[in-house]
Amino acid sequence: MMILNEILENNKKFVDEFEGEELSHHPQKKLAILTCMDCRLTGFLEPALGIGRGDAKIIKNAGNTIVGEDAIRSIAAAIFSLGAEEVLVIGHTECGMAGSDPDKLRNAMIERGIPQEEIDKVDLKSWIGGFEDEEKNVIDTVEKIRNHPLIPDVPIHGLMMDIVTGKLDVVVDDR
């Protein structure tokens with residue numbers, strides 16, 4: 001069975017059992033979170049933070065990094081259009097982006113049919129946004145957000161989450 005079929009079956013069951021409610025698109029806790037897309041955070045991050053549906057704008061990408069402008073655009077939208085007043089950058093232990101290997105990435109792309117000339121158009125190491133140290137990545141990401149000319153003076157905190165226990169450690173406290 002295709003994964004899509006399974007998803008659609010699960011969605012039907014969900015809709016049949018769910019009591020819908022109207023929620024504002026503004027984050028109730030006035031919070032924007034930039035975190036990793038790691039699948040182990042699904043259903044784990046929110047309860048570990050004590051937030052629920054409608055509480056925060058959650059922006060996910062590979063390694064909770066700033067590569068290009070897309071994450072900045074989302075953070076700016078959360079602040080200027082949706083009322084967020086505080087930003088959290090949350091990294092985690094055992095991140096798959098730590099130590100990412102541009103040569104492995106290049107080889108995987110070639111194996112999947114991406115033409116070499118297309119790959120050569122980008123600096124894969126910068127483009128993928130890999131890093132060596134998860135905690136330093138959080139600190140660097142906080143600084144990139146804080147120093148971006150389109151981000152106002154709002155508190156921007158950096159945290160590390162233990163991917164096994166859910167424990168949070170503050171690495172940048174912007175109080």
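Visitor: What share of the protein's contacts with a separation of 6 or more joins residues 24 or more positions apart?

Guide: Hello! In this predicted model, such pairs account for 73% of the contacts with a separation of 6 or more. To count as a contact, two residues need heavy atoms within 4.5 Å.

Visitor: What secondary structure does the protein have?

Guide: There are seven helices and five strands. Starting at the N terminus, you meet them in the order α-β-α-β-α-β-α-α-α-α-β-β.

Visitor: What makes the five strands a sheet, and in which order do they stand?

Guide: Two strands count as paired if there are at least two bridges between them, so we can check the bridges. β1 and β2 have six bridges in the parallel sense, and one example joins Ile33 to its partner Ile58 in β2. β3 and β4 also pair in the parallel sense, over six bridges; here Ile90 has Leu159 of β4 as its bridge partner. β4 and β5 pair in the antiparallel sense over four bridges, including the one between Met160 and Asp169 of β5. Each of these counts meets the cut-off of at least two, so each of these couples is a pair. The whole sheet is open, with the order β2-β1-β3-β4-β5.

Visitor: Why is the pairing in this sheet called mixed?

Guide: Look at the two sides of β4. Its pairing with β3 is parallel, while its pairing with β5 is antiparallel. With both senses found in one sheet, the word for the pairing is mixed.

Visitor: Which are the edge strands, and what makes them edges?

Guide: They are β2, residues 56–61, and β5, residues 168–172. Each of them pairs on one side only. Between neighbouring strands of the sheet, the average turn is 25°, with direction ignored.

Visitor: Which strands does α3 touch, and what angle does its direction make with that of β2?

Guide: α3 packs on the sheet and touches β1, β2 and β3, and its direction makes about 180° with that of β2. Angles here run from 0 to 180 degrees between N-to-C directions, so about 180° tells you that α3 and β2 run in opposite directions. α7 packs on the sheet as well, touching β1, β3, β4 and β5, at about 165° to the direction of β4.

Visitor: How do you know that β4 is mostly covered?

Guide: Count its buried residues: six of its six residues qualify. Buried means under 20% relative accessible area, so each of the six falls below that value.

Visitor: Which residues of β4 lie on one side and which on the other?

Guide: On one side are Ile156, Gly158 and Met160, and on the other are His157, Leu159 and Met161. That pattern has a general background: in a regular strand the side chains alternate between the two faces of the sheet. For β4, the residues listed on both sides are buried, so both faces count as covered.

Visitor: Which residues touch the most other members of the largest nonpolar core?

Guide: That core has 21 residues, and Leu34, Ile75, Ile79, Val87, Ile145, Ile151 and Ile156 touch the most other members. β1, α3, β3, α7 and β4 each give two or more residues to this core, and α3 has the largest share with six. Another core of 15 residues lies apart from it, with Leu31, Cys36, Ile51 and Met161 among its members.

Visitor: What is Ile145 in contact with, beyond its neighbours within four places in sequence?

Guide: Its partners are Leu34, Ile66, Ile72, Ile75, Val89, Ile151 and Ile156.

Visitor: Why is the pair of Phe14 and Phe18 called stacked?

Guide: Two values decide this. The ring centres are 4.8 Å apart, and the pair cut-off is within 6.5 Å, so the rings pair. The planes make 20°, which is under 30 degrees, so the pair counts as stacked. By this rule there is one aromatic pair in the count.

Visitor: Is Phe14 buried, exposed or partly exposed, and why?

Guide: Phe14 has 47% relative accessibility, which lies between 20% and 50%, so it counts as partly exposed. Phe18, at 35%, is partly exposed because its value also falls in that range.

Visitor: What about Lys136: where is its place?

Guide: Lys136 sits in helix α7. Its relative accessibility is 46%, again between 20% and 50%, so Lys136 is partly exposed.

Methods:
Residues numbered from 1 in each chain as written. Predicted model: local features only at pLDDT ≥ 70, side-chain atom pairs only at ≥ 80, totals over all residues. Heavy atoms only, no water. Core = buried A, V, L, I, M, F, W, Y, C linked by side-chain atoms within 4.5 Å. Buried < 20%, exposed > 50% of the residue type's maximum accessible area, 1.4 Å probe, protein only. Phe/Tyr/Trp six-rings, centres within 6.5 Å; stacked < 30°, edge-to-face > 60°.
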